[in-house]
Amino acid sequence: MDLLTGIGGFGESLWGYLIPFLFVLTVVVFFHELGHFTVARWCGVKVDVFSIGFGREIFGWNDKHGTRWKLSWIPLGGYVKFAGDENAASVPDRQRLADIPQDERTGLFHFKPLPQRAAVVAAGPVANFILAIVIFAGIFTFVGRTIATPVADEVNPGSAAAEAGFVSGDRIAAIDGSPISSFEEMQRVVSTSGGEELAFEVVRGDQRVTLRATPQVQEITDRFGNVHRIPMLGIVRKIDSENVEIVRSNPVAAVWLGTKETWFVTERTLSYIGGIFTGTEDADQLGGPLRIAQVSGQVATIGFTALVGMVAMLSVSIGLLNLFPVPMLDGGHLLYYAVEAVRGKPMGEQAQEYGFRIGLALVMMLMVFATWNDLVHLQVFSFLSGLFS
């Protein structure tokens with residue numbers, strides 16, 4: 001009975017994760033590929049296929065330009081296939097291209113001028129950043145931001161704040177010279193500090209004092225049981241109706257705030273990746289599709305707005321990842337185009353082929369590593385051990 005109950009609960013959790021995951025990933029992938037598709041059309045490139053997912057087609061249709069729009073069985077990405085491509089990774093079919101007469105090359109991507117090819121490739125990640133800005137702007141306009149003044153109601157004993165000399169009632173005015181307008185903003189600066197010393201300009205009564213504190217990295221368990229390692233200052237803000245307000249921005253201001261939010265996510269992601277190489281961040285926080293599915297399901301329980309917010313954050317991550325100069329990714333194609341611009345001619349066929357193989361190996365290694373982290377994080381091995389013991 002316990003086994004059946006466990007399996008039933010696992011099934012319910014699976015569907016609870018799967019549907020939000022498919023929603024989040026499909027929206028992000030669709031807009032990424034739509035960026036490639038739209039700029040390609042502007043440049044007069046013939047597009048053979050626009051696919052959400054990989055593998056066998058579930059259903060699809062042809063538009064008036066001859067493009068096959070389809071949904072495929074494996075919903076872990078998508079692609080736009082241009083006329084003359086050998087596969088979904090836009091590797092050119094060189095034998096086929098060489099046999100095409102000059103008068104039939106007009107609509108083929110690989111015969112377009114270098115600036116147009118670069119624009120088409122870059123359009124996917126750019127579309128992801130635009131999507132994130134629009135979503136954040138929409139949230140700031142229609143839902144608003146919850147803002148609390150950056151005041152320390154309590155200072156935890158033994159914390160970094162206590163050691164630096166913070167006292168109850170201190171108001172943080174600036175950190176490292178940058179003005180602070182809300183408690184959330186202060187938390188963000190501290191959580192992304194990487195454990196480095198920060199200079200706090202504090203208003204205490206009628207005086208301004210400068211305190212220096214090094215946030216302590218602590219393990220925090222969120223409401224869903226996920227463990228995060230985050231630098232903490234150690235001050236507490238009591239959240240109630242008297243010191244919190246919901247602020248909605250006009251559309252123009254919201255777009256600017258959405259741009260800043262997108263930049264913050266980008267900067268934080270790059271900082272984390274850099275921290276992995278320098279040893280200040282742990283790679284076990286790196287997640288793959290399973291972790292995304294889990295977090296999507298958890299966020300969906302908070303509400304639709306939170307789930308849409310996750311779409312924006314994942315869109316930034318996907319856009320940024322695709323700009324990495326790794327063959328198989330958009331950034332790899334842009335790297336080849338940069339070399340072509342310098343040399344005045346494309347890289348050799350063999351060099352590009354080796355590059356794509358190396359890129360594929362790197363992407364597969366990253367996927368395997370991220371999936372291993374997911375399995376460990378989700379305690380799948382412990383579940384299976386208990387199931388068969």
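Here is a walk through this predicted model, from the overall picture down to a few individual residues.

Let's start with the whole chain. The protein has 389 residues, and 38% of them are buried. Its secondary structure adds up to twelve strands and eleven helices. If you look at contacts with a separation of 6 or more, 63% of them link residues 24 or more positions apart. As for the outside, the accessible surface is about 21,500 Å², and carbon and sulfur atoms account for 63% of that.

Now zoom in on a pair of helices, H3 (residues 114–143) and H9 (residues 330–343). Their axes sit 9 Å apart, and the two pack at an angle of about 160°. Anything over 145 degrees counts as roughly antiparallel, so that is the label H3 and H9 get. The crossing between H3 and H9 is left-handed. Who does the touching? On the H3 side you'll find Leu114, Arg117, Ala118, Val121, Ala122 and Pro125, while H9 brings in Asp330, His333, Leu334, Tyr337, Glu340 and Ala341. Sorted by class, the contact comes out as eight nonpolar residues, three charged ones and one polar one.

Next stop is helix H6, which covers residues 251–278 and includes Thr266. Is Thr266 buried or exposed? The cut-off for buried is under 20% relative accessible area, and Thr266 comes in at 8%, so it counts as buried. Leaving aside residues up to four places away in sequence, Thr266 touches Phe129, Val316 and Leu320. You can place those partners on the helices too: H3 spans residues 114–143, a range that takes in Phe129, and H8 runs over 304–322, which takes in Val316 and Leu320.

Finally, have a look at two backbone spots in loops. Asp176 isn't a glycine, yet its phi is positive, at about 50°. You'll find Asp176 in the loop that joins strand S5 (171–175) to strand S6 (178–179). With a relative accessible area of 47%, Asp176 is partly exposed.

The other spot is Met328, again a non-glycine residue with a positive phi, here about 95°. Met328 lies in the loop between helix H8 (304–322) and H9, and H9 is the helix we met earlier packing against H3. What about its accessibility? Met328 has a relative accessibility of 29%, so it counts as partly exposed.

Conventions:
Residues numbered from 1 in each chain as written. Predicted model: local features only at pLDDT ≥ 70, side-chain atom pairs only at ≥ 80, totals over all residues. Heavy atoms only, no water. Helix = DSSP H or I, 4+ residues; strand = E, 2+ residues; numbered from the N terminus. Buried < 20%, exposed > 50% of the residue type's maximum accessible area, 1.4 Å probe, protein only. Contact = heavy atoms within 4.5 Å. Areas by Shrake-Rupley, 256 points an atom, 1.4 Å probe, with all protein chains shown as cover. Axes fitted to C-alpha atoms, helices over the stretch in contact; angles between N-to-C directions. Parallel < 35°, antiparallel > 145°, perpendicular 65-115°, else oblique. Left-handed = near helix turned anticlockwise from the far one by under 90°. Nonpolar A, V, L, I, M, F, W, Y, C, P; charged D, E, K, R; others polar.
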